[in-house]
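Me: I would like a close look at one part of this protein. Please take the helix that ends the chain pattern, and show me how it sits among its surroundings. Short sentences, please.

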Amino acid sequence: MKLKFEENLLNLYDGSKIIGYIKFSIKDEILTVISTVVSADYQGQGLARKMMDEIMVYAKNNNLEVDSICSYGIKYLEKLNS
């Protein structure tokens, strides 16, 4: 599986098929996670966490803070900060 950043998206591919994505926006040096989606056939494998981990690396490398309006992103950030 491969992760690839595209315009306001982090896509997760299995071969050439998109099996998950995180939609985000960047404004005023804050990356906001808008939605996190994993295809039903791939759920329960930790793929959403893997994508969020990649978002965190991207944010750190680009000096961005991370926020979320997505329920998964909010839970991920709460666990990270606890």
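Reply: Start with the contacts. Among those between residues at least 6 apart in sequence, 41% join residues at least 24 apart. Keep in mind that this is a predicted model.

Now the parts list. The protein has two helices and five strands. Along the sequence they follow the pattern β-β-β-β-α-β-α. The radius of gyration is 12 Å, close to the 12 Å that the globule rule gives for 82 residues, so the protein is as compact as a globular protein of that length. The C-alpha trace spans about 35 × 25 × 20 Å along its principal axes. Of the 82 residues, 32% are buried.

Your helix is α2, residues 71–81. What does α2 lie across? It lies across β4 and β5. Its direction runs at about 130 degrees to β5.

Look at the two sides of α2. Gly73, Tyr76 and Leu77 are buried. These three cover an arc of only 95 degrees around the axis, which puts them on the same side of α2. Here is the general idea. An α-helix has 3.6 residues a turn, so residues three or four places apart point the same way. On the other side of α2, Ser71, Lys75, Glu78 and Lys79 are exposed. What covers the buried residues? The cover includes α1 and β5.

So follow that cover outward. Begin with β5. This strand, residues 65–68, is an edge strand of the sheet and pairs on one side only. The other edge strand is β1, residues 2–6. The sheet itself is open, with five strands in the order β1-β2-β3-β4-β5 and mixed pairing. Neighbouring strands are turned by 25 degrees against each other on average, direction ignored.

Strands of a sheet pair through backbone hydrogen bonds, either parallel or antiparallel. This sheet has mixed pairing. β5 pairs with β4, residues 30–38, in the parallel sense over four bridges. Leucine 31 stands opposite valine 66 in β5. Compare β1 and β2, which pair in the antiparallel sense over five bridges. There, glutamate 6 stands opposite leucine 9 in β2. β1 and β2 form a hairpin, with two residues between them. Asparagine 8 in that turn has a positive phi of about 60 degrees.

Next, take α1, residues 47–61. Helix α1 packs on the sheet and touches β1, β2, β3, β4 and β5. Its direction makes about 160 degrees with that of β4.

Pick one residue in α1: alanine 59. Is alanine 59 buried or exposed? The cut-off for buried is under 20% relative accessible area. Alanine 59 has a relative accessible area of 1%, so it is buried. Which residues are in contact with alanine 59, leaving aside neighbours within four places in sequence? They are Leu64 and Val66. Valine 66 is also the residue in β5 that stands opposite leucine 31. Alanine 59 and lysine 23 are 36 residues apart along the chain, and their C-alpha atoms are separated by 14 Å.

Last, the outside. The protein exposes about 5400 Å², and carbon and sulfur atoms supply 47% of it.

Put the picture together. Helix α2 lies across β4 and β5. Its buried residues have α1 and β5 among their cover. Ser71, Lys75, Glu78 and Lys79 are exposed on the other side.

Note on methods:
Residues are numbered from 1 along each chain as its sequence is written. This is a predicted model: local features need pLDDT of at least 70, side-chain atom pairs count only at pLDDT 80 or more; totals for chains, interfaces and linings use all residues. Side-chain values use heavy atoms; hydrogens and water are left out. Two strands pair if DSSP finds at least two bridges between them. Axes are lines fitted to C-alpha atoms, for helices over the stretch in contact, and angles run from 0 to 180 degrees between N-to-C directions. Contact means heavy atoms within 4.5 Å. Buried means under 20% relative accessible area, exposed over 50%, partly exposed in between (1.4 Å probe, protein chains only). The arc is that of the directions from the helix axis to the C-beta atoms. The radius of gyration is taken over C-alpha atoms; the globule rule is 2.2 Å times the number of residues to the power 0.38. Accessible areas come from the Shrake-Rupley method with a 1.4 Å probe; for residues, only the protein chains shown count as cover.
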